[in-house]
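Subject: Structure for your review

Dear colleague,

Please find below the structure that I am handing over to you. A summary of what was found in it follows.

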There are 2 protein chains.
Amino acid sequence: MAGDKSEQTKDLVLQTALGMLRTRGYAKTTMRAIAAEAGVSLGSAYYYFASKDELVLELYRESVLEQRAAANTALAGRKGLSDRLKVALHAGVQALNPYHHFGGAFIASALPPHTAVNPFGAASTQAREEAIAIFADVIDGTKIPAYLRSQLPELLWLAYMGIVLFWVYDHSEDQRRTHTLIDGAAALIAKLVALSRLPVVKPLVEEALALKARVQS
Amino acid sequence: MAGDKSEQTKDLVLQTALGMLRTRGYAKTTMRAIAAEAGVSLGSAYYYFASKDELVLELYRESVLEQRAAANTALAGRKGLSDRLKVALHAGVQALNPYHHFGGAFIASALPPHTAVNPFGAASTQAREEAIAIFADVIDGTKIPAYLRSQLPELLWLAYMGIVLFWVYDHSEDQRRTHTLIDGAAALIAKLVALSRLPVVKPLVEEALALKARVQS
DNA sequence: ACTCATATTTGAACACGTTCAAATATGAGG
DNA sequence: CCTCATATTTGAACGTGTTCAAATATGAGT
């Protein structure tokens, strides 16, 4: 049937694009270059992918899977929220490392609300849920106050987005500053979660959760 | 002398660009359109401004001045951190309102590390300091624990950047959700600052400050 | 007034992402 | 095998930001 050949061509374009994005970076991965390398015409590439962003979105999706896989490996045998959070975050940004030379291009094409790659947008719902699941894995088996438990993965993901943003700008060698940030932030978050049982702190956390709910609707 | 005429032309291009950006938005404000409207050639526009981003940076700078002016007006007569923070933040995003239809374009051209408009980058140092000064104004005359005082403006600016990011994506009518977020966040921050005197909370805040310092170097 | 180095201006040109009408291939129904 | 609607492919074209060599204007030093 036609679907088969079509599917093959689409996949050829996609794999070519992903490969070029990884090896040559965002800027040099031109739609024309992708088409040429894949041996199809420019128009054909656009027949399967409406925009370059749509191809970058695929890369983003793959990177999230890589991040989660790396995090899960790193989580094995780790106990305690602080430790688990640390290793998951380190593994996450390490999985992102091949894309650091993208510089802002990744972020730039990711953040505009109308683009497909926007991590908060509809098109990346699936990837976002996958990313949030990383932090569901992280808190799995740790002791978290019940009133906080269900919301924590999403909150941790939000913090992770902040860390990734920091990472994008981090040009220190091997992104040392990002790793410093992760160690510190993980320890802080764990302590905050522990403190969230205390009568002085609990109302504050509850208020934050209520605000989050109010703001999302 | 030559500097005069040159300065005039540069200013003509700039003012034309700012006007068009405000009225027609980012996408429709083409370098060609700017040049045509200003009555100069395309090349001339580029002689004075190396990129479109550089012109957007000027708009960003102006917007920061507007934000600060609006915040200062709103701050008059307000007492208490929560209140002052609220009115300053509301005034800030309200001053940004004319640019909301920029959508992601503003952010997109602002966030890539290499571009001029990046609020964390070197090119916008001046604008960033101006923005941070807003929050120095906010805490002026309020009671803040001494160990926290000097770092607080920058921390509040960071929180504000988060709010602006939220605002970019906020398509609720009149950005109601952003204003809800501001009210809630301001109240929370004020409570957290108050709590930061307590022996249980203080070490955590101190740890956060230490991390911030460590990560910046 | 003249010279000439420098400042400014110009418009063509480039590569890019994207669109589109037209050409071609495909395959189900006869 | 033929027909023809539909799926796919093509390459030219558009408008964009940006670059650049060439043309022109300017003004200080003589």
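I begin with a single residue of chain B. Leaving aside residues up to four places away in sequence, Thr9(B) touches Val40(B) and Tyr48(B). Thr9(B) belongs to helix H1 of chain B, which covers residues 2–28. Its relative accessibility is 18%, and Thr9(B) therefore counts as buried, the limit being under 20%. Please bear in mind that this is a predicted model.

Tyr48(B), one of the two residues that Thr9(B) touches, also has a part in the surroundings of the DNA. An N or O atom in the side chain of Tyr48(B) is 2.8 Å from a phosphate oxygen of DNA strand C. For the side chain of Tyr47(B), the corresponding distance to a phosphate oxygen of DNA strand C is 2.7 Å. Chain A takes part through its backbone: a polar backbone atom of Met31(A) lies 3.0 Å from a phosphate oxygen of DNA strand C. Two or more residues each come from H2 and H3 of chain A and from H1 and H3 of chain B to form the surface near this strand. The most is given by H3(B), with 4 residues.

In total, 19 residues surround DNA strand C, and the closest are Arg32(A), Tyr46(A), Ser6(B), Gly43(B) and Tyr47(B). By class, this surface has 8 nonpolar, 8 polar and 3 charged residues. Sugar or phosphate supplies 55% of the atoms of DNA strand C within 4 Å of the protein, and bases supply the rest.

Turning to the other strand, which residues are the closest to DNA strand D? They are Ser6(A), Gly43(A), Tyr47(A), Arg32(B) and Tyr46(B), out of 18 residues that surround DNA strand D. Of the atoms of this strand that come within 4 Å of the protein, 56% are accounted for by sugar and phosphate.

Three contacts with phosphate oxygens of DNA strand D may be of use to you. An N or O atom in the side chain of Tyr47(A) is 2.8 Å from one such oxygen, and a polar side-chain atom of Tyr48(A) also lies 2.8 Å from a phosphate oxygen of the strand. From chain B, a backbone N or O atom of Lys52(B) lies 2.8 Å from a phosphate oxygen of DNA strand D. The elements that give two or more residues to the surface near this strand are helix H1 (2–28) and helix H3 (42–48) of chain A, with helix H2 (31–38) and helix H3 (42–48) of chain B. H3(A) gives the most, with 4 residues. The surface near DNA strand D divides into 8 nonpolar, 7 polar and 3 charged residues.

Helix H2 of chain A, residues 31–38, deserves a separate note. Met31(A), Ile34(A), Ala35(A) and Ala38(A) are buried in this helix. Seen down the axis of H2(A), the buried residues fall within an arc of 95 degrees, so they line one face of the helix. The face turned away from that side carries the exposed residues Arg32(A), Ala36(A) and Glu37(A). After H2(A) comes Gly39(A), with a positive phi near 75 degrees.

Finally, the domain assignment of chain A gives domain 1 (1–49) and domain 2 (53–216). Their centres, taken over C-alpha atoms, are separated by 31 Å. In chain A, 11 residues of domain 1 are in contact with 13 residues of domain 2.

Yours sincerely

Notes
Residues are numbered from 1 along each chain as its sequence is written. Chains are lettered from A and ligands numbered from 1 in the order in which they are written. This is a predicted model: local features need pLDDT of at least 70, side-chain atom pairs count only at pLDDT 80 or more; totals for chains, interfaces and linings use all residues. Side-chain values use heavy atoms; hydrogens and water are left out. A residue is near a molecule or strand if one of its heavy atoms lies within 4 Å of it. A polar contact is a pair of N or O atoms within 3.5 Å; within protein, one must be able to donate a hydrogen and the other to accept it, and residues adjacent in sequence count only if both atoms are side-chain atoms. Ala, Val, Leu, Ile, Met, Phe, Trp, Tyr, Cys and Pro count as nonpolar, Asp, Glu, Lys and Arg as charged, and the others, Gly among them, as polar. Buried means under 20% relative accessible area, exposed over 50%, partly exposed in between (1.4 Å probe, protein chains only). Contact means heavy atoms within 4.5 Å. The arc is that of the directions from the helix axis to the C-beta atoms. Domain bounds come from an automatic or database domain assignment.
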